[in-house]
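Colleague: I have a few questions about the labels in this entry. Could you put the structure up and take me through them?

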Amino acid sequence: MLTVSQLRAARAMTGMTVEELASATGLSVSTITVAEASPGPFADAAVTDRLRGIFEARGVLFLAAGEENAGAGPGLRLRSRFEDEGIRPQNLNAANDG
């Protein structure tokens, strides 16, 4: 289940505006605004599935409560990307060989 905090955090991590998220999901700006302002878990599964799919496509991993630490609540992180790692030592050696 996607929590309201995870939704807000995922949007912040991806740098998306509400308008961009609405355009990407086909949801209205007001639907997203209501989802982000909900006092508890957002219950509309269809909306949650659309939002989660967009964020996961942008590298967000959603973590359930206790998934990585028994005392931790639900959270998220960005998937590591090889192209974001910079130059690796073996690449420096290859560049110096030529």
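Colleague: Why is R52 called partly exposed?

Modeller: Keep in mind that this is a predicted model. R52 has 26% relative accessibility, and partly exposed covers the range between the buried limit of under 20% and the exposed limit of over 50%. The value falls in that range, so R52 counts as partly exposed.

Colleague: And why is E56 called partly exposed?

Modeller: E56 has 31% relative accessibility. That is also between the 20% and 50% limits, so partly exposed is the label for E56.

Colleague: What makes E56 and R52 a salt bridge?

Modeller: The closest N and O atoms of E56 and R52 are 2.9 Å apart. The cut-off is within 4 Å, between a side-chain nitrogen of Lys or Arg and a carboxyl oxygen of Asp or Glu, so the pair qualifies. Both residues belong to helix α4, residues 45–57, and because they are four residues apart, about one helical turn separates them.

Colleague: How many salt bridges does the rule give?

Modeller: The count comes to two. E36 and R11 form a salt bridge too, with an N to O distance of 2.5 Å. This pair links distant parts of the chain, as E36 is in helix α3 (residues 29–37) and R11 is in helix α1 (residues 4–14), 25 residues apart. E36 and R11 are both buried.

Colleague: How do you know that E36 is buried?

Modeller: The relative accessible area of E36 is 11%. Buried means under 20%, so E36 meets the criterion. Leaving out neighbours within four places in sequence, E36 is in contact with V4, L7, R8, R11 and V18.

Colleague: Why do you say the buried residues of α3 line one face of the helix?

Modeller: The buried residues in α3 are I32, A35 and E36. Looking down the axis of α3, they fall within an arc of 95 degrees, so they line one face. V34 and A37, on the other side of α3, are exposed. The cover over the buried residues of α3 includes α1, α2 and α4.

Colleague: Which residues are buried in α2, and what makes them a face?

Modeller: V18, L21, A22 and T25 are buried in α2. Down the axis of α2 these residues stay within an arc of 100 degrees, so here too they line one face of the helix. On the other side of α2, E19 and S23 are exposed. The buried residues of α2 pack against α1, α3 and α4. After α2 comes G26, with a positive phi near 80 degrees.

Colleague: How do α2 and α3 cross?

Modeller: In general, two packed helices are described by the angle between their axes and the distance between the axes. For α2 and α3, the axes come within 9 Å and cross at roughly 115 degrees. The crossing is right-handed. On the α2 side, V18, E19, L21, A22 and T25 take part, meeting V29, I32, T33 and E36 of α3.

Colleague: Let's move on to the strands. Is L63 buried or exposed?

Modeller: L63 has a relative accessible area of 16%. That is under the 20% limit, so L63 is buried. L63 lies in strand β1, residues 60–63. L63 and M1 are 62 residues apart in sequence, yet their C-alpha atoms are 9.7 Å apart in space.

Colleague: And why is S80 called exposed?

Modeller: S80 has a relative accessible area of 62%. Exposed means over 50%, so S80 earns the label. S80 is in the loop between β2 (75–78) and α5 (89–97). From C-alpha to C-alpha, S80 and G59 are 7.9 Å apart, with their positions 21 residues apart in sequence.

Colleague: What does the whole chain look like, element by element?

Modeller: From the N terminus on, the order is α-α-α-α-β-β-α. That gives five helices and two strands. Of the 98 residues, 29% are buried. Among contacts with a separation of 6 or more, 48% come from residues 24 or more positions apart. The accessible surface is about 6,200 Å², and carbon and sulfur atoms account for 53% of that surface.

Notes
Residues are numbered from 1 along each chain as its sequence is written. This is a predicted model: local features need pLDDT of at least 70, side-chain atom pairs count only at pLDDT 80 or more; totals for chains, interfaces and linings use all residues. Side-chain values use heavy atoms; hydrogens and water are left out. Buried means under 20% relative accessible area, exposed over 50%, partly exposed in between (1.4 Å probe, protein chains only). Contact means heavy atoms within 4.5 Å. Accessible areas come from the Shrake-Rupley method with a 1.4 Å probe; for residues, only the protein chains shown count as cover. The arc is that of the directions from the helix axis to the C-beta atoms. Axes are lines fitted to C-alpha atoms, for helices over the stretch in contact, and angles run from 0 to 180 degrees between N-to-C directions. A crossing is left-handed if the near helix is turned anticlockwise from the far one by less than a right angle, and right-handed if clockwise.
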